[in-house]
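Student: I'd like to learn how to read a model like this one. Can you walk me through it, feature by feature?

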Amino acid sequence: MFQDASQIQDSPLFAELVAIRRDLHAHPELSWHEQRTAAQVRAWLDRLGIPHRHGIAGTGIIADLPGGNGPRVALRADMDALPVQEETGVPFASQTPGVMHACGHDAHTTMLLGAAALLVEDRELPAPVRLIFQPAEEAGAGASAMMAEGALDGVAMIFGGHVDRHFAAGTIAVTDGPVNASSDSFTIRITGRGGHAARPHETVDAVVVGSLLVMALQTIVSREVNPASPSVVTVGRFDAGSAHNVIAGQAMLEGSIRAQDATVRVALQKSVERIARSIGQLHGAQIEFSIGQGTPPLVNPPECTAIARRAAAAAVGLERVTRMDLASMGGEDFSYFLEQVPGCYVRFGTATEGVEQFPAHSSKFNIDEQALAVGAAFFHAVARAAGQATI
Ligand code: NI
């Protein structure tokens, strides 16, 4: 038995999902601290009689549902919130000062709990289904930590999704190819020779070296990368100096590298290092360089995207299935799962017509709760569609 999103919205389950989402929203928890959220998830799974393991990678939960002989399908939701002071003014606003579900992970968790209620009633599941409730997506580290504890063992395909204000509530955007960029950081420490502002010839000015470096780094994307391949090099931090009449001997630059293609990602990292070292050499400054490897690009393979598109059509009707025209340059740690098994990451529309939409991570971020029914229906549908597939 299958209910589409509008049937779910008219059912008693929907009111329960709205209540869960508002409860989670009022009690947000930062990455790695999702204890209360995990307890709410477990209570719901217990009520449904779904066996599960908890304490995976800290607060993560894995629930397994039986099914037919098809390939095991995993469905993933993230649970963490952000260090943001909420300013929505909604009655269920965060009760924790400085912490807010400003990225909609409260909705993702609720959607998967809704799917759990639908899946447990489904006697015709073609394959076993695994529900993965993940900590610390915002830290970019929860997915890999759960995989290290076996979250993908025996899993053939994995599906997930994110709420998105760019699409109308009731729609699902299913897109093959890149949908999120990689997100790496870099740190460059410049050591020159400090001295008196009036005697530059006695110094190696770390501010001048750093300034040249900031400008030179901008030529990587403009001159070295194929313009058809979206990429970003941003210097977000430049620390140097102590007084107006002192030439700084030290400077530190921190920045972010984004790419939608794994090869371009590696090339960007190498270029940043090469330019940093070369400019240091040019001016006789010492350069220390380090990369913080972050999330890989999220690229949806076409076979699984086709499965997700069929499931989306079953959930909301084909006319409400759309696609992203441009990939996000933001990172998403679901990409670690897709490095191990095929799958697809979709977008659930949350925009209400006539209501101003605020971006994710904003203090005024909110969603149209119709998306809860859409997400629950999609996860149920994709478990069915993927369980029948052979890829
Ligand atoms: Ni998010």
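Tutor: We'll go through the metal site, the cysteines, one threonine and the nonpolar cores. Keep in mind that this is a predicted model.

Student: Let's start with the metal. Which protein atoms are the donors of the nickel ion?

Tutor: For a metal site, list the donor atoms, then look at where they sit along the chain. Here the nickel ion has Cys 103 (SG), His 105 (NE2) and His 162 (NE2) as protein donors, at 2.1 to 2.3 Å. Their spacing along the chain reads C-x1-H-x56-H. His 105 belongs to helix α4 and His 162 to strand β5 (residues 157-168), so the pair, 57 residues apart, links distant parts of the chain.

Student: Are those donors buried or exposed?

Tutor: Buried. His 105 has a relative accessible area of 0%, while Cys 103 and His 162 each come out at 8%. The cut-off for buried is under 20%, so the 8% residues qualify too.

Student: How many disulfides does the structure have?

Tutor: Check the sulfur-sulfur distances. A search of the whole structure turns up zero disulfides. Take Cys 304: its closest cysteine sulfur is in Cys 344, 7.2 Å away, and that is too far for a bond. A disulfide needs the two sulfurs within 2.5 Å. Cys 304 is also buried, at 0% relative accessible area.

Student: What does the side chain of Thr 109 reach?

Tutor: With a buried polar side chain, look for a partner atom. Thr 109 lies in helix α4 (residues 105-121) and is buried, with a relative accessible area of 0%. Its side chain reaches the backbone oxygen of Asp 78 at 2.9 Å. Beyond its neighbours within four places in sequence, Thr 109 is in contact with residues including Leu 24, Val 41, Met 79 and Phe 133.

Student: And the nonpolar cores? Which residues touch the most other members of the largest one?

Tutor: In soluble globular proteins, nonpolar side chains tend to be buried together. The largest core here has 71 residues, and Leu 75, Leu 131, Phe 133, Phe 159, Ile 172 and Phe 378 touch the most other members. Helix α10 (residues 370-388) gives the most to this core, 13 residues. A second, separate core of 26 residues includes Val 225, Ala 251, Leu 268 and Ile 275.

Student: Which residues is Leu 131 in contact with, leaving aside its neighbours within four places in sequence?

Tutor: Among them are Leu 45, Ile 61, Ile 62, Leu 75, Leu 112 and Leu 119.

Note on methods:
Residues numbered from 1 in each chain as written. Predicted model: local features only at pLDDT ≥ 70, side-chain atom pairs only at ≥ 80, totals over all residues. Heavy atoms only, no water. Helix = DSSP H or I, 4+ residues; strand = E, 2+ residues; numbered from the N terminus. Buried < 20%, exposed > 50% of the residue type's maximum accessible area, 1.4 Å probe, protein only. Polar contact = N/O pair within 3.5 Å; in protein donor to acceptor, adjacent residues only side chain to side chain. Contact = heavy atoms within 4.5 Å. Core = buried A, V, L, I, M, F, W, Y, C linked by side-chain atoms within 4.5 Å. Donors = N, O, S within 2.8 Å, 3.2 Å for Na, K, Ca; no water.
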